Amino acid sequence: MVDWVRLELDVDGFDDADFEPYLVRARDSGVGFTTMAEAGDTAAGHRALYDLNRTCSADIPDRGEFYTYDDYVTQRIKVPSYDPAGIILATREGAWIGMSSTSLHPAEGQAFSEMTGVLAPYRGQGLSLALKLLAIRFVRAAGYRRLATFHHPRNASAIAMNRRLGFVDRPG
Ligand SMILES: CC(C)(COP(=O)(O)OP(=O)(O)OC[C@H]1O[C@@H](n2cnc3c(N)ncnc32)[C@H](O)[C@@H]1OP(=O)(O)O)[C@@H](O)C(=O)NCCC(=O)NCCS
């Protein structure tokens, strides 16, 4: 059985200023940021999101087989917790190179960080921190104070990324 690493962030305690330099640096290097809502929440956009998510997910330990496109749309997009404004995208020369998707769960009073991924050639440059800064702003603007996530215990980079942002182990 997998002993998942369950993390959460106190959104009120998050200081944007600590991570703003990553956003500035990325923009200065030619990376753009947008959302699914701005880019167009269309079938073509869903397909591009699926392709990016699938490529990045291939590096998640023990991820197993990824969704088919139809299953992805049914289970990840056509669900009440999906909000195209919560799908943050990093772009370079028109191509999507990174994503951070967040779903909203009013009944649980929390937002959930579904997937953050950066294409391999662009890793190690602080892009995930810039993406998550924008994701956290989305969570705050939506009125949520808690952002949760969980990771496979061997996903060291993802766990370190979230701890760097201030995520802590979930009580219980
Ligand atoms: C996890 C992932 C999104 C990190 O993206 P990235 O843009 O390369 O990360 P950053 O350059 O922004 O690094 C952010 C922090 O993460 C940590 N980190 C990133 N890569 C790391 C690695 N290989 N080993 C250990 N820590 C790492 C560091 O703490 C780093 O902060 P620092 O440089 O100030 O120490 C990327 O590796 C990825 O897409 N992995 C595959 C998909 C995945 O596993 N996603 C998470 C599941 S939802």
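Let's start with the pocket. In this predicted model, the ligand takes up the space of the largest pocket. Which elements give two or more residues to the shell around the ligand? They are strand β5, residues 110-118, helix α5, residues 127-141, and helix α6, residues 156-165.

Now the shell itself. There are 23 residues around the ligand. By type, 10 are nonpolar, 9 are polar and 4 are charged. Five residues come nearest: T116, G124, G126, S128 and N155.

Next, the backbone. Look at V118. One of its backbone N or O atoms lies 2.8 Å from an oxygen atom of the ligand. Move on to G126. A polar backbone atom of G126 is 2.8 Å from a ligand oxygen. Then Q125. Here the distance between a polar backbone atom and an oxygen atom of the ligand is 3.2 Å.

How much of the ligand does the protein cover? On its own, the ligand has 920 Å² of accessible area, and the protein covers 73% of that.

Go back to T116 for a moment. We met T116 among the residues that come nearest to the ligand. The T116 side chain also makes a polar contact, at 2.9 Å, with the side chain of S100. Where is S100? Find strand β4, residues 95-105, and you will see S100 in it. Is S100 buried or exposed? Its relative accessibility is 0%, so S100 counts as buried. The cut-off for buried is under 20%.

To trace it on the screen, start at S100 in β4. Step across the 2.9 Å contact to T116. From there, look for the ligand in the largest pocket.

Conventions. Residues are numbered from 1 along each chain as its sequence is written. This is a predicted model: local features need pLDDT of at least 70, side-chain atom pairs count only at pLDDT 80 or more; totals for chains, interfaces and linings use all residues. Side-chain values use heavy atoms; hydrogens and water are left out. A residue is near a molecule or strand if one of its heavy atoms lies within 4 Å of it. A polar contact is a pair of N or O atoms within 3.5 Å; within protein, one must be able to donate a hydrogen and the other to accept it, and residues adjacent in sequence count only if both atoms are side-chain atoms. Accessible areas come from the Shrake-Rupley method with a 1.4 Å probe; for residues, only the protein chains shown count as cover. On a 1 Å grid over the protein atoms alone, a cavity is a set of points where a 1.4 Å probe fits but cannot get out, and a pocket is an open set with protein on both sides within 12 Å along at least five of seven lines; lining residues have an atom within 4 Å of a point. A molecule sits in a cavity or pocket if more than half of its atoms lie within 2 Å of its grid points. Helices (H or I, at least four residues) and strands (E, at least two) are DSSP runs, numbered from the N terminus. Ala, Val, Leu, Ile, Met, Phe, Trp, Tyr, Cys and Pro count as nonpolar, Asp, Glu, Lys and Arg as charged, and the others, Gly among them, as polar. Buried means under 20% relative accessible area, exposed over 50%, partly exposed in between (1.4 Å probe, protein chains only).
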